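Work through the exercises below with the sequence and the structure at hand. Try each task before reading its solution.

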Amino acid sequence: EKGGYDYFMLKEIAEQPKAVADTLLGRIDAAGSLTLDEVRIPASVLREVDKVVIVACGTAYHAGLIAKYAIEHWTRIPCETELASEFRYRDPILDPRTLVVAISQSGETMDTLMALRHAREQGAKVLAICNTNGSTIPRESDAVLYTHAGPEVAVASTKAFLTQLVACYLVALYLGQVRGTKWGDEILSVIRDLSEIAGEVEEVLETMEPVRELARSLADKNTVLFLGRHVGYPVALEGALKLKELAYMHAEGFAAGELKHGPIALIERDVPVVVVVPSPRGRSVLHDKIVSNIQEIRARGARTIVIAERGDEAVRPYADHLIEIPATPVLLQPLVATVPLQVFACELATARGNEVDQPRNLAKSVTVE
Ligand code: F6R
């Protein structure tokens, strides 16, 4: 059942190109328009939405954090992403013009379910993004967009995360399309770019041997830090979460701009710091800022592990280890930048003798609050 792999996690990492392609399948028509059959919320209602609230837990929450950037950019609708376990306890402001998006691989996560019930009680519309047909969360939602990752067995989420991102981008693009924002041309071009992502994920997977080697060399470290900016920030959080749950190491993700507000005090000789670098194209101001962050931490002795777009020569001199990823549109970068972090965590866990598919104290679906 593991298809020749030692662990389900390795199999599921390898299945990501297919999972991404399957999640896109049949959802974009010949004219480049999105057709989301399963969205049963009428376009007229979606045009009236004045706020989007995303609720989720763990890895799905990180997908939601990335979705916020995409939704606000392409739709100009204010969007917030909230941990499902915090959501209803802060008495959130919800009404029939609020679209709540609940993201869950299993469809059974109690925190997420309670959050969506609360949202519906307040009259908000709920769209579920879910990987499990007929599970509780989609059944209790107004609409569902299924991710087609196939069953995910390993406790640590990998392929489900990538497909959650795809689904979030589709929702963002669809909302943008329905509402006819000024980004119409960009939306069409991003739809085209999305169809190339599966091949790019495949390319990343083919170049992972140095990442595995690097992971093995860090097996005796206590701490690994992760930095990112813009959509790279949630990617950093996700890299840290994977390392905590699989390698049982102290791992923390930071927004790179926050370094000087505290975390830089943690930088000492030889601490591995993984930095997710935004594309030098597009938001190039951010790129330059992160390059200077890398210089700062390196000057303090950090061992810099840099994930950057292929051909990004500006970072090369400051990278102790350079992990190159294909160029993508700025907002889509998490689809390729996350993959090396999954491989990294999986290999570190193996090197430390941990049970990769069944990390201690964790369950695949958390059906208690
Ligand atoms: C991390 C992980 C968990 C889940 C979280 C939500 O690798 O697997 O953080 O992402 O428990 O689960 P779902 O998506 O099933 O609601």
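The exercises that follow concern a predicted model, first around its ligand and then at one loop residue.

**Exercise 1.** Find which residues come nearest to the ligand, and give the distances of its polar contacts with S104, Q105 and K242.

Solution. Step 1: the ligand has 13 residues around it, and those that come nearest are S104, Q105, S106, T109 and E245. Step 2: look at the side chain of S104, where an N or O atom is 2.6 Å from an oxygen atom of the ligand. Step 3: for Q105 turn to the backbone, which has an N or O atom 2.6 Å from a ligand oxygen. Step 4: K242 places a polar side-chain atom 3.1 Å from an oxygen atom of the ligand. Each distance is within the 3.5 Å allowed for a polar contact.

**Exercise 2.** Describe the surroundings of the ligand: how much of its area is covered, and which elements give two or more residues to the shell?

Solution. Step 1: on its own the ligand has 410 Å² of accessible area, of which the protein covers 88%. Step 2: the space that the ligand takes is the largest pocket. Step 3: α4 (58-75) and α11 (232-247) each give two or more residues to the shell; α4 gives the most, with 3 residues. Step 4: sorted by class, the shell holds 7 polar, 4 nonpolar and 2 charged residues.

**Exercise 3.** Locate D312 and decide: is D312 buried or exposed?

Solution. Step 1: D312 sits in the loop between β9 (303-309) and β10 (321-325). Step 2: its relative accessible area is 3%, so D312 is buried, the cut-off being under 20%. Step 3: E324 is 12 residues from D312 in sequence, and their C-alpha atoms are 8.6 Å apart.

Terms used
Residues numbered from 1 in each chain as written. Predicted model: local features only at pLDDT ≥ 70, side-chain atom pairs only at ≥ 80, totals over all residues. Heavy atoms only, no water. Near = heavy atom within 4 Å. Polar contact = N/O pair within 3.5 Å; in protein donor to acceptor, adjacent residues only side chain to side chain. Areas by Shrake-Rupley, 256 points an atom, 1.4 Å probe, with all protein chains shown as cover. 1 Å grid on protein atoms, 1.4 Å probe; cavity = no way out; pocket = protein on both sides within 12 Å on 5 of 7 lines; lining within 4 Å. Sits in = over half its atoms within 2 Å of the grid points. Helix = DSSP H or I, 4+ residues; strand = E, 2+ residues; numbered from the N terminus. Nonpolar A, V, L, I, M, F, W, Y, C, P; charged D, E, K, R; others polar. Buried < 20%, exposed > 50% of the residue type's maximum accessible area, 1.4 Å probe, protein only.
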